[in-house]
Amino acid sequence: MNILKKIPVKKKKLLSLIKKYKTPLWLYHAKTIKKQIFKLKKFNIIRFAQKACSNIHILKLMKKYGTKVDAVSLGEIERAIKAGFKKNSNDIIYTSDIIDNETLRKVIEYNIPINIGSIDMIKKIGKKSKNHKIWIRINPGFGHGHNKKTNTGGKNSKHGIWNTKLALDLIKKYKLNLIGLHMHIGSGVDYRHLKKVCNAMIQEAEKINCKLSYISAGGGLTIPYKTSDKEININNYYEIWENARKRISKKLNCKMKLEIEPGRFLVAESGFLISKIESIKEVDKRKFILVNVGFNELIRPTLYGSYHYISILPKDNRKINYLDTFEAIIGGPLCESGDIFTQKKDNSIYTIKIPKVKYGDYIIFHDVGAYGSSMSSNYNSRPLIPEILIKNKKIIQIRRRQTIEEMLSLEI
Ligand SMILES: *Cc1c(COP(=O)(O)O)cnc(C)c1O
């Protein structure tokens with residue numbers, strides 16, 4: 001275990017915060033979000049894929065720092081509006097492969113552009129809303145992702161439009177207003193792969209041959225989860241896309257803006273999950289450290305075999321000796337054997353080196369701002385846990401803990 005990843009909050013403050021709000025809790029650091037947004041400032045438009053972290057107060061921060069927002073459900077549209085993003089504008093885009101009647105009614109009422117992922121959507125919108133602003137989300141025929149489940153292009157992906165020609169014919173037939181082309185083919189960055197994506201975008205744009213206002217590079221920018229991971233080279237990423245934008249703009253003879261649509265990149269590193277050690281138990285010769293969060297809070301390790309850096313916060317004034325360690329498996333409280341944070345993609349479990357800890361010490365999961373809280377559930381009838389934001393050194397509770405009564409109330 002090394003101690004390279006730091007928490008941007010002093011130990012004393014962390015302990016007082018824990019005392020006040022109790023564990024487990026999510027903690028976010030506003031300044032980290034601001035820093036990440038700033039790294040992408042070369043792009044004409046930064047559109048936050050809010051599914052990564054959709055708390056209204058996080059969305060407010062995004063708005064304050066100048067990003068726009070992507071919504072993938074009616075719930076996310078309403079969240080964005082609550083956070084101050086405007087209807088009748090380019091602030092919010094609805095991206096999906098389907099649209100149900102209720103969402104369609106609202107999207108028309110709010111006059112929100114729609115990023116179309118299926119032929120059926122085109123027909124449905126076309127019949128109800130002439131001239132509606134739409135984008136096409138293109139499946140370029142191949143994809144990429146840190147895991148099979150996050151690969152969003154190719155034959156095995158349900159996402160996006162496969163037959164652009166058919167889509168264009170229908171868009172013409174229904175007189176929809178096509179304003180942009182979008183490609184989000186998965187999470188993780190590989191530059192060789194990226195050139196292929198951009199070339200596919202250029203080819204698709206040539207087929208379209210009408211005035212477009214935008215192209216979107218989608219999301220997928222990753223962050224260094226492991227201390228040995230390298231940060232991605234944003235300039236390189238930008239240059240490859242900006243070249244594609246220029247070429248398409250020239251070919252179609254119109255001015256175009258380049259959007260990027262990150263989720264993970266903007267919020268992952270800002271988030272921490274603070275848990276308490278409830279048991280250190282021995283099973284045969286192996287040690288299990290059981291904490292009071294499970295995959296109902298943080299599902300990434302169970303779902304994708306994702307790695308999260310872990311640090312220790314002692315409950316008292318002990319100094320943690322990071323050189324004196326033992327091997328342990330980290331697990332949660334759920335009544336399910338897959339509730340293990342140290343597991344690989346094939347679900348096999350592994351041990352990590354942990355310094356001498358005691359019952360009641362705290363284990364902090366790092367880089368959980370993306371797909372942490374937003375993927376949480378009430379599994380095992382566990383209430384949702386609080387979210388705390390640190391902004392200009394102030395501690396703000398941005399979501400309180402759900403009570404058991406609230407959780408049961410839908411059924412009573
Ligand atoms: C999930 C998603 C993103 C964000 O992906 P990240 O890997 O978090 O950057 C962007 N666009 C669309 C359409 C998505 O579904």
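In the predicted model, D316, R318 and D361 are linked in a network of salt bridges. This network belongs to a wider set of charged pairs, the count of salt bridges coming to 17.

One of these pairs is formed by K39 and E231, whose closest N and O atoms are 3.4 Å apart. The pair links distant parts of the chain, since K39 lies in helix α2 (residues 30-39) while E231 belongs to the loop between β8 (214-216) and α9 (234-252), the separation being 192 residues. With a relative accessible area of 30%, K39 is partly exposed, whereas E231 is exposed, its relative accessible area being 56%.

A further salt bridge is found between D91 and K68, with the closest N and O atoms 3.4 Å apart. D91 is placed in the loop between α4 (74-82) and β4, and K68 in strand β3, so that the pair ties together parts that are 23 residues apart in sequence. The acidic partner, D91, is buried, with a relative accessible area of 11%, which falls under the 20% limit for that class; K68, by contrast, is partly exposed at 23%.

Within helix α5 (residues 101-110), E109 and K106 are 3 residues apart, about one turn of the helix. The two residues form a salt bridge in which the closest N and O atoms are 3.7 Å apart. E109 is exposed, with a relative accessible area of 52%, and K106 is partly exposed, with a value of 26%.

Strand β3, which carries K68, is also part of a barrel, into which 8 strands close in the order β2-β3-β4-β5-β6-β7-β8-β9 with parallel pairing. From one strand to the next, the twist averages 30°. Strands of a sheet pair through backbone hydrogen bonds, in either a parallel or an antiparallel manner. In the case of β2 (residues 45-49) and β3 (residues 68-71), the two strands run parallel and are joined by 3 bridges, and A49 has D70 of β3 as its bridge partner.

Elsewhere along the barrel order, strands β4 and β5 are crossed by a helix: α6 (residues 119-128) lies across β4 (92-96) and β5 (114-116), and the helix runs at about 140° to β5. Strand β8, another member of the barrel, precedes the loop that holds E231, the residue paired with K39 of helix α2.

Definitions and conventions. Residues are numbered from 1 along each chain as its sequence is written. This is a predicted model: local features need pLDDT of at least 70, side-chain atom pairs count only at pLDDT 80 or more; totals for chains, interfaces and linings use all residues. Side-chain values use heavy atoms; hydrogens and water are left out. Two strands pair if DSSP finds at least two bridges between them. Helices (H or I, at least four residues) and strands (E, at least two) are DSSP runs, numbered from the N terminus. Axes are lines fitted to C-alpha atoms, for helices over the stretch in contact, and angles run from 0 to 180 degrees between N-to-C directions. Contact means heavy atoms within 4.5 Å. A salt bridge is a side-chain nitrogen of Lys or Arg within 4 Å of a carboxyl oxygen of Asp or Glu. Buried means under 20% relative accessible area, exposed over 50%, partly exposed in between (1.4 Å probe, protein chains only).
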